[in-house]
Amino acid sequence: MAKEKAPNAQDQMDFEAFKKQVLADYQLACESREASLLGRKEVLTGKAKFGIFGDGKELAQIALAKQFQNGDFRSGYYRDQTIMMAIGELTVEQYFAGLYAHTDVEVEPQSAGRQMGGHYSTRNLDANGEWKNLMLQKNSSADISPTAGQMPRLVGLAQASKVYRQQTALQNNPAFEKFTNGGNEVAFGTIGDASTSEGPFWESINAAGVLQIPMVMSVWDDGYGISVPRELQTTKGSISDALSGMQRTGDKPGYEIFITKGWDYAHLCETYEKAVKLAREEHVPVLVHVKEVNQPQGHSTSGSHERYKSAERLEWETTFDCIQKFNEWILSFEAKGMPIATEEELNTIQAAAKEMVRNSKNTAWSRFTDSMKQDQADLIAVLKSVASESSQSVFIQKDIEILEKTKEPIRRDMLTVARKVLRQIREENISSKKTLGNWIQSMIGSNFERYSSHLHSQSAHSALNVPAVAPKYADDVQMEDGRIILRENYRTILESRPEVLVFGEDAGKIGGVNQSLEGLQEQFGEGRVSDTGIRECTIIGQGIGMAMRGLRPIAEIQYLDYLLYAIQIMSDDLATVQYRTKGGQKAPLIISTRGHRLEGIWHSGSPMGMIVNSIRGIHVCVPRNMTKAAGFYNTLLQADEPALVIEPLNGYRTKERMPINFGTFTEALGMPEIVKEGKDVTLVSYGSTFNLCEVAAQQLEHLGISVELIDVQTLLPFDIKHMISDSLAKTNRLLIVDEDVSSGATGFMLDKILVEQKGYYHLDSAPETLSSKDHRPAYGSDGDYFSKPSIDDIIEKVYAMMHEAEPARFPSLY
Ligand SMILES: Cc1ncc(C[n+]2csc(CCOP(=O)(O)OP(=O)(O)O)c2C)c(N)n1
Ligand SMILES: [Mg+2]
């Protein structure tokens with residue numbers, strides 16, 4: 001039998017370092033746990049509105065965070081407080097500031113009080129909206145609440161590393177040094193066991209397996225999704241079993257799957273070391289199924305888990321609590337003759353953690369309440385001057401007393417009092433009335449910045465700052481199919497900007513179903529112009545993640561009808577990136593699709609009302625031809641914002657003049673074009689139906705009706721200079737045409753023109769809209785004719801408006 005070697009000095013040093021690390025981890029676990037426990041109390045006592053905490057997941061997250069390097073990214077969910085603390089991106093004070101919804105971004109950097117607690121992010125942009133050096137920090141993309149909503153973006157975050165590793169033009173390129181070091185960055189995904197039931201989880205897992213990208217996917221398996229147990233969520237009740245067919249084999253790439261336990265510190269650390277090394281070095285996607293995790297306080301502050309967990313389960317959760325187990329593991333070293341700490345020492349660490357968390361919480365609370373006190377004092381002063389002048393003094397004095405007694409005022413309560421008093425003194429002619437009015441207005445104004453800023457980029461690269469540059473044409477201008485114009489514009493872009501990537505279904509080898517990318521994969525390679533699987537949601541996710549890492553993806557959704565598979569992630573994730581971080585992150589993704597004017601229930605849709613109402617925060621461009629579409633792409637590539645461009649489906653084979661300044665001509669956003677001047681009716685449309693309106697307008701001329709024809713060009717933003725209202729001042733009549741359902745985008749435009757632009761003021765006739773039937777459009781030419789507005793319908797609608805105005809001049813048709 002080999003003799004036990006006496007520990008030498010080196011071993012002793014290693015052990016000392018190990019011991020120190022273990023105790024630091026124990027301390028962090030205790031602090032995070034105390035934060036969860038106290039967080040729940042803060043909600044139950046009414047100081048915070050809602051709480052969802054990371055208790056029970058501490059140990060696994062500490063093990064994961066050991067492998068998290070600068071430049072890496074997290075895309076996770078509301079249980080990840082310990083990861084955030086461990087990577088140094090969340091202090092306990094910030095944790096409580098988030099819970100209280102403190103709106104100062106310096107105090108609450110995750111979302112400036114916009115997101116409920118438990119939703120984490122890092123500041124990846126500076127105060128001007130410019131990228132920070134992401135390689136000098138550990139990054140977390142901003143969380144969203146819909147379960148599995150973190151998954152699509154995770155694919156893109158991981159894919160960016162592959163792009164950076166493969167594209168030579170991006171390597172050793174100073175412009176991209178702040179995003180990558182040779183593609184060595186790992187994207188860490190986390191998800192709960194139950195949320196793996198969601199479609200986006202499966203879609204993302206499959207996509208990452210196909211793409212072979214450095215994604216380390218952890219499933220915190222605590223056996224429940226609120227009350228519904230794992231067995232009702234997952235085939236075989238185990239996500240690693242269910243995904244075992246994705247395990248890579250000697251000859252087929254796939255996933256590496258690891259299984260570990262949430263309370264087993266040593267095994268967790270070992271597992272993450274192996275898992276992350278594999279992903280980082282070889283770009284193999286990895287699944288880490290962390291079993292035997294628990295939830296000591298249940299799901300959230302909205303309920304108690306005693307309602308659905310058995311007594312046995314609850315007992316198991318106590319016995320196998322990860323901190324308890326960690327404690328036992330540390331103490332077990334005593335018996336091995338290598339003590340790490342005594343029970344007493346561990347108790348001291350725990351007591352210190354408790355104390356630290358309580359102090360941090362108290363500081364966060366006083367900073368939160370102090371932030372309101374100046375406003376409170378200002379209002380009291382204003383109200384006192386009102387009371388001194390007003391005949392309602394007695395009542396106002398009462399309000400002042402209540403306000404003075406309020407120890408923890410919030411702005412809503414202050415404004416409610418102030419506005420009530422203003423109404424009370426409405427008939428009084430006193431100077432303090434003006435002061436009070438000003439106070440209210442300025443309070444509402446400053447809260448706009450707190451609660452409503454950053455829906456769009458506020459940087460110098462806002463798309464609204466990009467001016468229009470007209471296309472130039474040669475003297476002997478050639479006419480070409482619309483698709484050629486798009487293709488040549490893409491070619492110029494791809495030549496000049498190595499960070500631009502175009503991908504989508506059939507976008508690669510065949511160059512797109514409409515050939516607008518013809519030959520570009522051959523020229524630029526599969527890394528730049530590529531085919532994807534049929535998975536619209538994760539096509540967008542690829543784009544979001546890559547755009548968050550400095551690339552400029554153009555993600556193609558094959559047809560507008562299929563945007564519905566992507567609309568959830570566009571709405572919940574992409575559209576809210578800037579807003580939910582108050583300008584801390586951006587994802588300038590361009591989404592390209594094509595729509596309108598084909599035939600058939602799922603090949604001709606134009607659900608523009610749904611789109612514009614669900615993706616505020618994303619620009620929506622609706623060009624009527626391909627030169628316009630190309631101009632929008634050029635604009636958007638100069639900007640740092642997400643946008644959707646809908647190419648008109650019938651424009652690919654329509655001849656247009658061939659410009660010569662590809663890549664440089666641009667379209668300004670929010671600027672309609674008056675394509676034809678007229679004096680009788682303003683006819684407003686966009687995209688494909690605009691082209692019908694153009695034909696109708698010509699025929700109306702023959703009927704003696706002069707139409708002013710306006711192409712809105714972008715639905716979001718919509719006519720920022722109110723050109724349409726100006727046109728109404730001239731024509732006094734309005735018809736809006738599109739092929740959405742009734743009250744869809746036409747309803748949206750009507751509200752903008754009549755209410756926002758005050759166009760009603762100029763009208764002499766009732767405003768009119770013409771849209772499709774409310775069913776999906778039927779197939780075939782007749783199906784189209786009877787489902788959507790035709791040229792005849794447009795002509796007759798305008799004619800009927802003129803008939804009503806001047807029956808003698810325009811006798812009734814029917
Ligand atoms: C799309 C969507 N559906 C439902 C919810 C409500 N919800 C929030 S958390 C949750 C359960 C998630 O369970 P699991 O994934 O196991 O995570 P855990 O909370 O157990 O860590 C549900 C149903 C949601 N946020 N999003
Ligand atoms: Mg769960």
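**A friendly walk through a predicted model**

Trainee: Helix H8 lies across several strands; at about what angle does H8 run to E7?

Mentor: Good place to begin, and keep in mind that this is a predicted model. Helix H8 covers residues 265–282 and lies across E3, E4, E7 and E8. Angles are taken between N-to-C directions and run from 0 to 180 degrees. For H8 and E7, the angle is about 165°.

Trainee: Which strands does helix H2 lie across?

Mentor: Helix H2 is made of residues 58–65 and runs at about 170° to E4, which spans 215–220. E4 is one of the strands it crosses, and strand E8 (286–291) is another. The full set is E3, E4 and E8.

Trainee: Which strands stand at the edges of the open sheet?

Mentor: Follow the order of the 6 strands, E2-E1-E3-E4-E8-E7, which pair in parallel. A strand at the edge has a single partner strand, so one side of it is left without a neighbour in the sheet. That describes E2 (139–140) and E7 (256–261).

Trainee: What is the bridge partner of Arg74 in E3?

Mentor: Strand E1 holds residues 73–75, and it pairs with strand E3, residues 187–192, in the parallel sense over 3 bridges. Strands of a sheet pair through backbone hydrogen bonds. In E3, the partner of Arg74 is Phe188.

Trainee: Is Gly225 buried or exposed?

Mentor: Gly225 sits in strand E5, residues 224–225. Leaving aside neighbours within four places in sequence, Gly225 is in contact with Ala194 and Gln233. Its relative accessibility is 19%, and the cut-off for buried is under 20%. Therefore Gly225 counts as buried.

Trainee: How far apart are the C-alpha atoms of Gly225 and Ser195?

Mentor: Along the chain, Gly225 and Ser195 are 30 residues apart. In space, their C-alpha atoms are separated by 7.2 Å.

Trainee: How many residues of strand E19 are buried?

Mentor: Look at both ways the side chains of E19 (residues 707–711) can point. Val707, Leu709 and Asp711 point one way, Glu708 and Ile710 the other, and all are buried. The count is 5 of 5.

Trainee: Which residue stands opposite Ile710 of E19?

Mentor: E19 pairs with E17 (residues 673–676) in the antiparallel sense over 3 bridges, and with E18 (residues 681–685) in the parallel sense over 5 bridges. The residue opposite Ile710 is Val684.

Trainee: What is the accessible area of the nonpolar patch that includes Leu564?

Mentor: Leu564 is in helix H18, residues 564–572, and counts as partly exposed at 38% relative accessibility. It forms the surface patch with Tyr565 and Met610. Together their accessible area is about 310 Å².

Definitions and conventions: Residues are numbered from 1 along each chain as its sequence is written. Chains are lettered from A and ligands numbered from 1 in the order in which they are written. This is a predicted model: local features need pLDDT of at least 70, side-chain atom pairs count only at pLDDT 80 or more; totals for chains, interfaces and linings use all residues. Side-chain values use heavy atoms; hydrogens and water are left out. Patches are made of residues with over 30% relative accessible area and no salt bridge: like charges are joined within 9 Å, nonpolar side chains (Val, Leu, Ile, Met, Phe, Trp, Tyr) within 5 Å. Accessible areas come from the Shrake-Rupley method with a 1.4 Å probe; for residues, only the protein chains shown count as cover. A salt bridge is a side-chain nitrogen of Lys or Arg within 4 Å of a carboxyl oxygen of Asp or Glu. Helices (H or I, at least four residues) and strands (E, at least two) are DSSP runs, numbered from the N terminus. Buried means under 20% relative accessible area, exposed over 50%, partly exposed in between (1.4 Å probe, protein chains only). Two strands pair if DSSP finds at least two bridges between them. Contact means heavy atoms within 4.5 Å.
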